[in-house]
Amino acid sequence: HPLMVYINTFDDNAAQPMSTDAQGYLRIQVAIGAKVFITCLAANDFHETTTSIVTVPPEGLSGLFGRLVLQVPSNLIYDLFKLLIGRPTPAGTCQVVVTITQYNKTYTDDPQGFPGVVATIDPASDAVGPARPYYFNTMLNNKTNPLPNNLTATSFDGGVVFPAIPVDANTDIIISGQYKDVPFTTSTIRCMKAGQFLNAAPNQGPKATRPLTDL
């Protein structure tokens, strides 16, 4: 289905409504250096979803590694994941998902992650209580396994959920990864309203800047 989305730049007074094509692609013109994020509105049984905030580089948000990717769950999948994770989502919070990827991986790869990466968040969130990060496990062929687990770092899935980020429309939240001495890129999100679902999917999730190994 074509999806109705809003293109948001912090230099504009109002978001720009647009529609994807039937395959879910959208071509837009945004100035180099502008900060932009996309919100997909709830429709056709899809859950409202917002991307991370990205800064448009000189080469644009294009190509396999540069595209701004919006992964939108159905309402059924969203509700099922919330139920299986089993973490409370208090009033006045957002739910945030990021995918921390292995070096040189994109949204087309499977798997995308690497075991043992610890997600970092600034400002710090609750590290041990209900708001602590939840890491997706994998099952056969490294497919996402949403069933409850006790992981304290990523699996090959790379997915991490922060179930209760407080609303603060004026504060950027920076998420990255930690694995041995390998630097990671960062993802920027902003929790602008209660109940908002934000997804820093590949390519916008934190990325290892060199190959990760278990050696």
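A salt bridge here is a side-chain nitrogen of Lys or Arg within 4 Å of a carboxyl oxygen of Asp or Glu. By that rule the structure, a predicted model, holds four salt bridges. The legends below take in the whole chain, three of these pairs, the nonpolar cores and a surface patch.

**View 1. The whole chain: one helix and 14 strands.**
The chain has 215 residues and a radius of gyration of 16 Å, which agrees with the value near 17 Å for a compact globule. Its C-alpha trace spans about 45 × 40 × 35 Å along the principal axes. Buried residues make up 43% of the chain. Among contacts with a separation of 6 or more, 65% join residues 24 or more positions apart. The chain exposes about 11,100 Å², and carbon and sulfur atoms supply 55% of that area.

**View 2. The salt bridge of Lys143 and Asp110.**
The N to O distance between the two side chains is 2.5 Å. Lys143 lies in the loop between β9 (137–138) and β10 (144–145), and Asp110 in the loop between β6 and β7, so the pair ties together parts that are 33 residues apart in sequence. Lys143 counts as partly exposed, at 40% relative accessibility. Asp110 is also partly exposed, with a relative accessible area of 46%.

**View 3. The salt bridge of Arg190 and Asp172.**
The closest N and O atoms of this pair are 2.7 Å apart. Arg190 sits in the loop between β13 (187–189) and β14, while Asp172 sits in the loop between β11 and β12; the pair therefore ties together parts that are 18 residues apart in sequence. Is Arg190 buried or exposed? Arg190 is buried, because its relative accessible area is 16% and the cut-off for buried is under 20%. Asp172 is partly exposed, at 27% relative accessibility.

**View 4. The salt bridge of Asp181 and Arg210.**
Here the side chains meet at 2.8 Å, N to O. Asp181 belongs to the loop between β12 and β13 and Arg210 to the segment after β14, so the pair ties together parts that are 29 residues apart in sequence. Asp181 is exposed, with a relative accessible area of 59%. Arg210 is partly exposed, at 35%.

**View 5. The largest nonpolar core, with 23 residues.**
Which residues touch the most other members of this core? They are Val96, Val98, Phe162, Ile175, Phe184 and Leu212. Several strands feed the core: β6 (93–99), β7 (118–122), β11 (159–166), β12 (173–178) and β14 (197–200) each supply at least two residues. Another core lies apart from it and has ten residues, among them Leu3, Val54, Leu68 and Val72.

**View 6. Contacts around Leu212.**
Neighbours within four places in sequence are left aside here. Leu212 is then in contact with Gln102, Phe114, Val117, Tyr179, Val182 and Phe184. Both Leu212 and Phe184 are among the core residues that touch the most other members.

**View 7. A nonpolar surface patch made by Ile77, Leu80 and Leu83.**
The patch covers about 280 Å². Ile77 is placed in helix α1 (residues 75–85). Why does Ile77 count as partly exposed? Its relative accessibility is 36%, and partly exposed residues lie between the 20% and 50% cut-offs.

Notes. Residues are numbered from 1 along each chain as its sequence is written. This is a predicted model: local features need pLDDT of at least 70, side-chain atom pairs count only at pLDDT 80 or more; totals for chains, interfaces and linings use all residues. Side-chain values use heavy atoms; hydrogens and water are left out. Patches are made of residues with over 30% relative accessible area and no salt bridge: like charges are joined within 9 Å, nonpolar side chains (Val, Leu, Ile, Met, Phe, Trp, Tyr) within 5 Å. Accessible areas come from the Shrake-Rupley method with a 1.4 Å probe; for residues, only the protein chains shown count as cover. Helices (H or I, at least four residues) and strands (E, at least two) are DSSP runs, numbered from the N terminus. Buried means under 20% relative accessible area, exposed over 50%, partly exposed in between (1.4 Å probe, protein chains only). A nonpolar core is a set of buried Ala, Val, Leu, Ile, Met, Phe, Trp, Tyr and Cys residues joined through side-chain atoms within 4.5 Å. Contact means heavy atoms within 4.5 Å. The radius of gyration is taken over C-alpha atoms; the globule rule is 2.2 Å times the number of residues to the power 0.38.
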